[in-house]
Amino acid sequence: MELLKRLMKFFIISFIFVISSIPFSMEMSEAYPIYAQQGYTNPRAANGRIACANCHLAEKPVQIESPKAVLPNKVFEAAVKIPYSKDAKQILGNGQLSGLNVGAVVILPEGFKLAPNNLISKEIKEKSKGVFISPYSATQENILVVGPIAGDTHQEIIFPVLSPDPATNKKINFLKYPIYVGANRGRGQIYPTGEKSNNNIVTSSFEGQVIDIQTLAKGETEVTMVNSKGNETKQNIPKGLSVVVSKKDNIKLDQPLTKDPNVGGFGQTDVEIVLQDPSRVVGFIIFAFSVLFTQIFFVIKKKQFEKVQAAELKF
């Protein structure tokens, strides 16, 4: 049975890497977590920056909620929240508009990992329905990735996590550990190759006066300008971008020709969790009850003393 589980795990991870190696069209943003897997052995750099920020340049908020403390070998929820307006529409590589996709990377402490399916409760399974979470690599089970998935229905992603047991793993100690998370919404501005996506403001490559603006057959916009020497230059703007210049406008070099199409971005944060020793919890409970009983005993003795003192005064 154990061998079957290992084989299934191997085939799942192999399938992920095979899919990630298939060349995608430029209609997709090549900056989802799966592309970080290809380009970075560790998604978190030495300065704390998570790899997704290299392609998703806009800064957006992200939140993570998890227990403050957890016992060994227990399943708990780490909820990553990726807020954005559901009215927001992203521009695709083909110029069409669509709803935003989301993706996330969760970097757990060593020893923590994705909870096995047989240990996940029905409640957690229902919360994470339709979300496929996978380890970052075969050797980094403590790093989890998900995405791209539809953002409209997944602005909160539940990660079921299994805590380690120091009794079986001597490398693990009962300490406080950090959990790092990075999450993106929408497409990135830069592809892993270094090229810009069409999810950017288009700026003028020339200087002069706009004399013509035409829409081409494929939906692109052609802006024609003439400089002070009378030389004409043409610049194409990808389909779907909103042009903000008009005929007879005097344009400077690097002046924006379109509105900013980016409605998404990336954010990262962290939270701390304590791997709690059960004996410490039991010890604290015993200590708390001993203090409680001691205080009660003192109150009782005080009442008895007051009664004796009152009786002596009457006598």
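Q: Why is Cys52 called buried?
A: In this predicted model, Cys52 has a relative accessible area of 3%. Buried means under 20%, so Cys52 qualifies.

Q: How do you know that Cys52 has no bond to the closest cysteine sulfur?
A: That sulfur belongs to Cys55 and lies 8.2 Å away. A disulfide needs the two sulfur atoms within 2.5 Å, so the pair is too far apart for a bond. Seen from the other side, Cys55 is in no disulfide either, and its nearest cysteine sulfur is that of Cys52.

Q: Is Cys55 buried or exposed, and how do you know?
A: Its relative accessibility is 11%. The limit for buried is under 20%, so Cys55 counts as buried.

Q: How many disulfides does a search of the whole structure find?
A: The search finds 0.

Q: What makes Glu65 and Lys81 a salt bridge?
A: Their closest N and O atoms are 2.9 Å apart. The rule asks for a Lys or Arg side-chain nitrogen within 4 Å of a carboxyl oxygen of Asp or Glu, so the pair passes. Glu65 sits in strand β1 (residues 63-65) and Lys81 in strand β3 (residues 75-81), so the bridge ties together parts 16 residues apart in sequence.

Q: Why are Glu65 and Lys81 called partly exposed?
A: Glu65 has 44% relative accessibility, and Lys81 has 23%. Partly exposed covers the range between under 20% and over 50%. Glu65 therefore counts as partly exposed, and Lys81 does as well.

Q: What makes Glu156 and Lys81 a salt bridge?
A: The closest N and O atoms are 3.8 Å apart. The cut-off is within 4 Å, so this pair also counts. It links distant parts of the chain: Glu156 is in strand β10 (residues 156-162), 75 residues from Lys81 in strand β3. Glu156 is partly exposed, at 40% relative accessible area.

Q: Which residues are linked with Lys81 in a network of salt bridges?
A: Glu65 and Glu156 are linked with Lys81. Lys81 pairs with Glu65 and with Glu156.

Q: How do you know that Glu222 and Lys234 form a salt bridge?
A: Their closest N and O atoms are 4.0 Å apart. The pair is counted under the rule of within 4 Å. Glu222 lies in strand β13 (residues 221-226) and Lys234 in strand β14 (residues 232-237), so the bridge connects parts 12 residues apart in sequence.

Q: Why do Glu222 and Lys234 get the labels buried and partly exposed?
A: Glu222 has 16% relative accessibility. That is under 20%, so Glu222 is buried. Lys234 stands at 48%. It is not over 50%, so Lys234 is partly exposed.

Q: How many salt bridges does the rule give?
A: The count comes to 7.

Q: What makes the nonpolar surface patch?
A: Ile285, Phe289, Leu292, Phe293, Ile296 and Ile300 form it, covering about 570 Å². Ile300 is in helix α4 (residues 278-314). Patch residues need over 30% relative accessible area. Ile300 has 45%, so it clears that limit and is called partly exposed.

Q: Where does pLDDT stay under 50?
A: It does so over residues 9-31. The model has 34 contacts beyond four places in sequence for that stretch. Across the protein chain, pLDDT averages 84, and 84% of the residues score at least 70.

Terms used:
Residues numbered from 1 in each chain as written. Predicted model: local features only at pLDDT ≥ 70, side-chain atom pairs only at ≥ 80, totals over all residues. Heavy atoms only, no water. Patch = residues over 30% accessible without salt bridge, like charges linked within 9 Å, V, L, I, M, F, W, Y side chains within 5 Å. Areas by Shrake-Rupley, 256 points an atom, 1.4 Å probe, with all protein chains shown as cover. Helix = DSSP H or I, 4+ residues; strand = E, 2+ residues; numbered from the N terminus. Buried < 20%, exposed > 50% of the residue type's maximum accessible area, 1.4 Å probe, protein only. pLDDT = per-residue confidence, 0-100. Contact = heavy atoms within 4.5 Å.
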